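Visitor: Hello! Could you take me on a close look at one part of this protein, the spaces inside it, and at what surrounds them?

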Amino acid sequence: MSSLPPDLLDLFDIRWSRDFIGISRANSALKVLNNASLEEVPLRDQRIGEMRFIRAFFYFDAKIHWKRVPFIDEFIEDPKMVSNVELTDQELWNKIAEDLEYAKDVLPVTQSQIGRINKLQATAFLAKVKLYQAYEQSDMDHSVININQTMLEEVVNLCDEVINSGKYSLVSDYAMNFLNEFEFNDEVIFAIQRSIEDGSPDGRGSWSGALNYPQDPAWGCCGFHVPTQNFVNAFKTDANGLPLFGTFNNNNYDVATDAVDPRLDHTVSMEGKPFKYDPSFVHPGDGWARNPGTYGNYVSMKELDEPDCECRAANGPFTISSRNTTIIRYADLLLWKAEALIELNRISEALPIINDIRDRAANSRGRLNNASIYNVGSYSSLGSQEEAREKLRWERRLELGLEGWRFFDLVRWGIAKETLDAYQAVEVTRAPYLIDYEFTAGKNEYMPIPHKQVIASNFLYEQNPKY
């Protein structure tokens, strides 16, 4: 622990505290609801389902960041007496799943009030939990020791419940997922509702992208979350419009000669191309970058809004947005199903799912102003299970790029170290600051339990391995 700088330790503690504040508030509401009669609260069971969904949401976030955390529900009298290793890894997943199963059972398919959790959202989130849980990990080194086939069958069935409801679908243009005017589109399964100018001191806007805007007076700052060259290169395609897989990173993307999947220009803003589909607002180059000599001048674009968007608000030098934060998209759910099918060796059933997503990408060029050479095709076959696995994982990288799930995918699959080591071996030649990179398997898949929390538990909490 002493090898980590104090400010980083504090950030770990802040993240932990926010998750457990959310859990505590859900528990406080559940205590009241559990003691209320149906006469007092006619929709009591539904409200309990909503609170249990919210508790599961925060526990899922804590679980994927720390793996072993204390499970504290509304019946625990003294939270300080609960160890973070009281439950096994699988038992903790089961607790999260139980909350979502309850929510799934009692919530209606539709709610009259925007923002209230419904049955299908709980079903989708349960599918995600089951997918993560299916990759059973060693407690010693976090390696994947078994892929639970029964749980994968559950994932398929849960995804089918959402799919067969007919309530959600892929929007016709990929761009619609990242524009304020379409924030309530048919692809959004679950999102955090945002607002500005709502009477609160700073609004309830999204701060997740506040540091990511270009260093430009139109926004303010700050040039963080810079896409890598490796990521940009991954969008290159061959003559058939398929990924280059083993050779994609041999040469850097050349806009004049290389064909790419259109999703590149929905995801990354780069020099000479229109920002956010506006031909009058073109990325000028290094002037938008915080430190172009070190990090380059690419800009992560999905989470950003144009300067004149009604959703935008300035908070000091930072830009916050009232555009909702999407947590689960329908495309993501389709890829969970495809992943489960591939691991079940039902590869032919996964093929049309992946092709539907690629076909949507191919048809998502209308707003892109012909900024690149586009060529994206469908697969005639996914090949062997290992080949299908590679194609599925590639598709997740392109479809969900820079939305925040990539690292957790790598950990779930048990390939974080090998993937990041291979990335660093080449990327360090382009970005020398990566010379200090180090990823220790069996350690860096998860964050250390915050030292403040270990002390607060009277050292009841056990630190994660190798920290």
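Guide: Here is a walk through the inner spaces, with a few stops at residues along the way. Please keep in mind that this is a predicted model.

Let's begin with the whole protein. Its secondary structure comes to 14 helices and twelve strands. The C-alpha trace spans about 65 × 55 × 50 Å along its principal axes. For a compact globule of 467 residues, a radius of gyration near 23 Å would be expected, and the 22 Å of this protein agrees with that. Of the 467 residues, 54% are buried. If you take the contacts with a separation of 6 or more, 68% of them are between residues 24 or more positions apart. The protein exposes about 20,500 Å², and carbon and sulfur atoms supply 51% of that area.

Now for the spaces. How many cavities of 30 Å³ or more does a search of the whole structure find? The search finds five. The largest cavity holds about 140 Å³ of space. Its lining has 14 residues, and the closest to its centre are W93, Y132, Q137, V411 and Y446. Several elements take part: α2 (44-66), α3 (89-106), α4 (119-134), β1 (135-137) and α12 (406-413) each supply at least two residues of this lining. Sorted by class, the lining of the largest cavity divides into seven nonpolar, three polar and four charged residues.

One of those elements, α12, deserves a pause. Is α12 mostly covered or mostly uncovered? Helix α12 is mostly covered, with six of its eight residues buried. The buried ones are F408, D409, L410, V411, R412 and W413. You have already met V411, one of the residues closest to the centre of the largest cavity. Just after α12 comes G414, which has a positive phi, near 75 degrees.

Another contributor to the largest cavity is α2, so let's visit a residue in that helix, R55. Is R55 buried or exposed? R55 counts as buried because its relative accessible area is 2%, under the 20% cut-off. Leaving out residues up to four places away in sequence, R55 touches I23, A26, N27, L30, F71, I72, D73, E74 and D99.

From α2 we can move on to the loop between α2 and α3, where L87 is found. Beyond its neighbours within four places in sequence, L87 is in contact with R68, F71, L92 and K95. Notice F71 here: it is a contact of L87 and also a contact of R55. L87 and V69 are 18 residues apart in sequence, and their C-alpha atoms are 8.6 Å apart in space.

Next comes the second largest cavity, with about 80 Å³ of space. It is lined by 13 residues, and D265, K273, P274, L368 and A371 lie nearest its centre. By class, this lining has seven nonpolar, two polar and four charged residues.

In sequence, N370 sits between L368 and A371, two of the residues nearest that centre. N370 lies in the loop between α10 (347-362) and β12 (373-374). Its phi is positive, about 50 degrees, although N370 is not a glycine. Why does that catch the eye? Most residues other than glycine have a negative phi. N370 is classed as exposed because its relative accessible area is 70%, over the 50% cut-off.

H225 also has a positive phi without being a glycine, with a value of about 55 degrees. H225 is found in the loop between β3 (188-192) and α6 (229-233). With a relative accessible area of 35%, H225 is partly exposed.

Our last stop is a pocket, the second largest, with about 200 Å³ of space. Which residues line the second largest pocket? They are W16, S17, F20, P70, I72, P79, K80, Q453, A456, S457 and Y461. Both α1 (6-34) and α14 (451-456) supply at least two residues of this lining, and α1 gives the most, with three. The classes here are seven nonpolar, three polar and one charged. I72 ties this pocket to an earlier stop: I72 lines the pocket and is also touched by R55.

Methods
Residues numbered from 1 in each chain as written. Predicted model: local features only at pLDDT ≥ 70, side-chain atom pairs only at ≥ 80, totals over all residues. Heavy atoms only, no water. Helix = DSSP H or I, 4+ residues; strand = E, 2+ residues; numbered from the N terminus. Contact = heavy atoms within 4.5 Å. 1 Å grid on protein atoms, 1.4 Å probe; cavity = no way out; pocket = protein on both sides within 12 Å on 5 of 7 lines; lining within 4 Å. Points joined across faces, edges and corners; volume = space filled by probe spheres on them. Nonpolar A, V, L, I, M, F, W, Y, C, P; charged D, E, K, R; others polar. Buried < 20%, exposed > 50% of the residue type's maximum accessible area, 1.4 Å probe, protein only. Rg over C-alpha atoms; globule rule 2.2 N^0.38 Å. Areas by Shrake-Rupley, 256 points an atom, 1.4 Å probe, with all protein chains shown as cover.
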